Amino acid sequence: MTSQSRDYSADLALAHALADAADAITLARFQAHDLVIETKPDATPVTDADKATEKAIREILSSQRPDDLVVGEEFGAPTPEAIAGKYYWVIDPIDGTKNFLRGIPVWATLIGLVAPDNTVVAGVVSSPALGRRWSAAQGFGSHVRTLGQPEKSIHVSAVSRLEDAQLSYSDLIGWGERKTSMLNLQEKVWRTRGIGDFWSHMLVAEGAADIAAEPVLALWDMAALDIIVREAGGIFTNINGVDGPHGGSGISSNGTLHKEFLNALNSSLSK
Ligand code: IPD
Ligand code: CA
Ligand code: CA
């Protein structure tokens with residue numbers, strides 16, 4: 001199927017149904033006394049909720065979109081050769097697992113759909129413990145739904161100077177040679193918050209923050225965020241300014257601030 005003939009609003013409706021199934025599993029396990037926590041080979045934690053959520057999403061996708069492929073954090077990805085020319089869903093069953101297992105409500109299920117040309121065409125970020133869900137599909141704009149409220153359209157901010165900008169990030173780990181410039185930027189901007197994970201980027205899409213930055217991320221951390229930020233009028237690149245969620249790091253902004261922020265961030269790199 002070509003990207004032109006596919007109905008992304010139907011894919012978005014399916015992504016919402018996947019998020020509903022995910023929310024039922026994750027919320028029931030959040031702050032459960034018998035939560036099972038294991039350590040993965042990369043030394044990061046995973047819970048029974050992460051695994052059950054990704055399994056449930058994969059099961060629904062295999063019946064609703066049998067021709068699509070699935071890339072998931074917990075159960076792996078097909079080979080690049082198998083993915084070439086296909087639509088594929090990118091799933092992070094729980095983004096913010098460390099928050100989840102400590103009882104901090106900042107975590108979400110991230111669901112993205114990637115087209116054969118590798119652009120993300122639909123995405124949902126569902127954060128049931130915060131009572132919020134963000135979504136977007138190519139050409140349909142970005143929206144947020146707060147528990148019990150009608151869905152509303154969202155847009156990035158109009159802030160045009162770094163001195164007036166609100167910057168959100170996770171922490172100071174992983175910045176390497178850019179750490180000095182990141183610290184300098186924190187002094188230059190109006191305000192910083194270590195909100196972290198998906199939420200930093202969703203606040204950019206809503207216009208509540210102006211820049212979100214993460215130095216080390218995987219595709220499943222970013223696919224859903226990319227389309228929601230872009231459809232809200234913003235820009236999503238990696239740390240070197242390459243568009244999209246495939247570059248190993250994630251910088252969201254309102255667009256206006258993007259170049260100046262990246263230039264400043266990369267100014268401490270050795271020439
Ligand atoms: C993590 C989050 C976090 C980032 C880490 C990721 P997880 O994902 O996206 O913001 O700093 O690098 O591993 O493991 O909670 O899905
Ligand atoms: Ca993640
Ligand atoms: Ca995860």
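The following dialogue discusses how ligand 1 is held in a predicted model.

Colleague: Which residues are around ligand 1?

Modeller: One begins by listing the residues with a heavy atom within 4 Å of the molecule. Here they are Glu73, Asp92, Ile94, Asp95, Gly96, Thr97, Ser170, Asp197, Glu214, Val216, Leu217 and Asp221.

Colleague: How do the residues of this shell divide into nonpolar, polar and charged?

Modeller: The shell around ligand 1 holds 6 charged residues, together with 3 nonpolar and 3 polar ones.

Colleague: Which strand gives the largest share of the shell?

Modeller: Strand β4, which spans residues 88–95, provides that share with 3 residues.

Colleague: Where does ligand 1 lie with respect to the two domains?

Modeller: One asks which domains contribute to the shell. Ligand 1 lies between domain 1 (8–154) and domain 2 (162–270), because both give residues to its shell. Ligand 1 also sits in the largest pocket.

Colleague: Which polar backbone atoms and side chains should be examined beside the oxygen atoms of ligand 1?

Modeller: For a polar contact, one looks for a pair of N or O atoms within 3.5 Å. A polar backbone atom of Gly96 is 2.7 Å from an oxygen atom of ligand 1, and for a polar backbone atom of Thr97 the distance to a ligand oxygen is 2.9 Å. In the side chain of Asp197, an N or O atom is 2.6 Å from an oxygen atom of ligand 1.

Colleague: How much of the accessible area of ligand 1 does the protein cover?

Modeller: On its own, ligand 1 has 380 Å² of accessible area, and the protein covers 73% of this.

Conventions:
Residues are numbered from 1 along each chain as its sequence is written. Chains are lettered from A and ligands numbered from 1 in the order in which they are written. This is a predicted model: local features need pLDDT of at least 70, side-chain atom pairs count only at pLDDT 80 or more; totals for chains, interfaces and linings use all residues. Side-chain values use heavy atoms; hydrogens and water are left out. A polar contact is a pair of N or O atoms within 3.5 Å; within protein, one must be able to donate a hydrogen and the other to accept it, and residues adjacent in sequence count only if both atoms are side-chain atoms. Accessible areas come from the Shrake-Rupley method with a 1.4 Å probe; for residues, only the protein chains shown count as cover. On a 1 Å grid over the protein atoms alone, a cavity is a set of points where a 1.4 Å probe fits but cannot get out, and a pocket is an open set with protein on both sides within 12 Å along at least five of seven lines; lining residues have an atom within 4 Å of a point. A molecule sits in a cavity or pocket if more than half of its atoms lie within 2 Å of its grid points. Helices (H or I, at least four residues) and strands (E, at least two) are DSSP runs, numbered from the N terminus. Ala, Val, Leu, Ile, Met, Phe, Trp, Tyr, Cys and Pro count as nonpolar, Asp, Glu, Lys and Arg as charged, and the others, Gly among them, as polar. Domain bounds come from an automatic or database domain assignment.
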